[in-house]
Structure formats: structure tokens, C-alpha cells
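Thank you all for making the time this morning. I would like to walk you through one structure slowly, beginning with a single side chain and then stepping back to the whole chain.

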Amino acid sequence: MTRDKAQMDNRLKDTQSALIEEEDKGKALTKQKVKLEAMLNELEDKLQKEEKAHEALDKQKRKLENMIHSLQDNLSDKESRVVELQHSLDKTVEDVARLPVLCVDTTAF
């Protein structure tokens, strides 16, 4: 009976030691879980900030693209106006060049 009691005491000590080890492992895992959850929250916050920044950049990009398109249209209009004015100037120069001929012709009458 003493032998049985000694064996039971050894089993109890082994079981208690195993329980303590498992509790320690559980505590360590809980600490890791808390750290990982905090890290996950931090990463989610960073992701959210990056998404907002990306949206702002996309908005700014669209705005700049619209401005570029508008400026290109404006430039095209100005270039067309320059061509029109150049033709008008050329016609005026031709008209002025013909004036002495017209003056000579009218003095002949």
C-alpha cells in the first residue's frame, strides 16, 4: 500500500508538473496572441491610411489629367487661332502690297 501511495504521489507530482508546464505554455501563447492582435490592429490601421492616401493620389491624378486635357484643348484652340491670324496677316500684307498698284491705276484716270 505504501508502494501504491508512493506511485500515486509520483503520478500526482508528474501530473501537477505537466499541468504547470501546460499553464505556462498557455500563458506564453496568450501573450503571443495579444502581441499578434496588437500588431494586426496596427497593420490594419496602416493599411487604412495607405488606402486613403492612395484614394487621394488617384483623385489628384484625375484632377491633373483633366487639367492637362483642358490645357491641351486650350493649346489646340490657340494654335488654330494663330493659324487664322497668320492667314489674315498674310492677306493684309498682300492687300497692302497691292495698294501702290491700285494708287497708280487710279491716278491714271
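Let me begin with a question: does D95 count as buried, partly exposed or exposed, and at what relative accessibility? Before answering, I should say that what you see is a predicted model, and that local features are discussed only where pLDDT is at least 70. The answer is that D95 counts as partly exposed, because its relative accessibility is 31%, and the band for that class runs between 20% and 50%.

Let us stay with D95 for a moment, and look at its partners. On one side there is K91, which forms a salt bridge with D95, the closest N and O atoms being 3.8 Å apart. Both K91 and D95 lie in helix α1, and they are four residues apart, which is about one turn of the helix. K91 itself is exposed, since its relative accessible area is 52%, and the cut-off for that class is over 50%.

On the other side there is R98, which also forms a salt bridge with D95, here with the closest N and O atoms 2.6 Å apart. R98 and D95 are three residues apart in helix α1, again about one turn of the helix, and R98 counts as partly exposed, with a relative accessibility of 47%. Because these salt bridges share partners, K91, D95 and R98 are joined into one network.

Now let me step back to the whole chain. How many helices and strands does the protein have? It has one helix and zero strands. The radius of gyration is 46 Å, whereas the globule rule gives 13 Å for 109 residues, and so the protein is more spread out than a compact globule. You can see this in the box that the C-alpha atoms fill, which is roughly 160 × 15 × 10 Å along the principal axes. The helix in question, α1, covers residues 2-107.

What share of the residues is buried? Buried residues make up 0% of the 109 residues in the protein. The protein exposes about 10,700 Å², and carbon and sulfur atoms supply 59% of that area. As for charge, there are 20 positive and 24 negative side chains, and the centres of the two sets lie 10 Å apart.

The count of salt bridges comes to six, and besides those around D95 I would like to show you one of the others. K25 forms a salt bridge with E22, the closest N and O atoms being 3.6 Å apart. K25 and E22 both lie in helix α1, three residues apart, about one turn of the helix. K25 is partly exposed, at a relative accessible area of 47%, and E22 is likewise counted as partly exposed, at 48% relative accessibility.

From E22 we can move along the helix to M39, which is 17 residues apart from E22 in sequence and 25 Å apart from it in space, C-alpha to C-alpha. M39 is found in helix α1, and it is partly exposed, with a relative accessible area of 48%. Which residues form a nonpolar patch with M39 on the surface? They are L36 and L43, and together the three residues have about 310 Å² of accessible area. L36 also has its place in helix α1, and it is exposed, with a relative accessible area of 54%.

Two more positions complete the tour. H54 lies in helix α1 and is partly exposed, with a relative accessible area of 48%. H54 and L36 are 18 residues apart along the chain, and their C-alpha atoms are separated by 26 Å. L85 has its place in helix α1 as well, and it counts as partly exposed at 44% relative accessibility. L85 and L71 are 14 residues apart in sequence, and 20 Å apart in space, C-alpha to C-alpha.

To close, if you keep one picture in mind, let it be a protein with one helix and zero strands, whose buried residues make up 0% of its 109 residues, and in which K91, D95 and R98 are joined by salt bridges into one network.

Conventions: Residues numbered from 1 in each chain as written. Predicted model: local features only at pLDDT ≥ 70, side-chain atom pairs only at ≥ 80, totals over all residues. Heavy atoms only, no water. Helix = DSSP H or I, 4+ residues; strand = E, 2+ residues; numbered from the N terminus. Rg over C-alpha atoms; globule rule 2.2 N^0.38 Å. Buried < 20%, exposed > 50% of the residue type's maximum accessible area, 1.4 Å probe, protein only. Areas by Shrake-Rupley, 256 points an atom, 1.4 Å probe, with all protein chains shown as cover. Lys, Arg positive; Asp, Glu negative; His and termini not counted. Charge placed at Lys NZ, Arg CZ, Asp CG, Glu CD. Patch = residues over 30% accessible without salt bridge, like charges linked within 9 Å, V, L, I, M, F, W, Y side chains within 5 Å. Salt bridge = Lys/Arg side-chain N within 4 Å of Asp/Glu carboxyl O.
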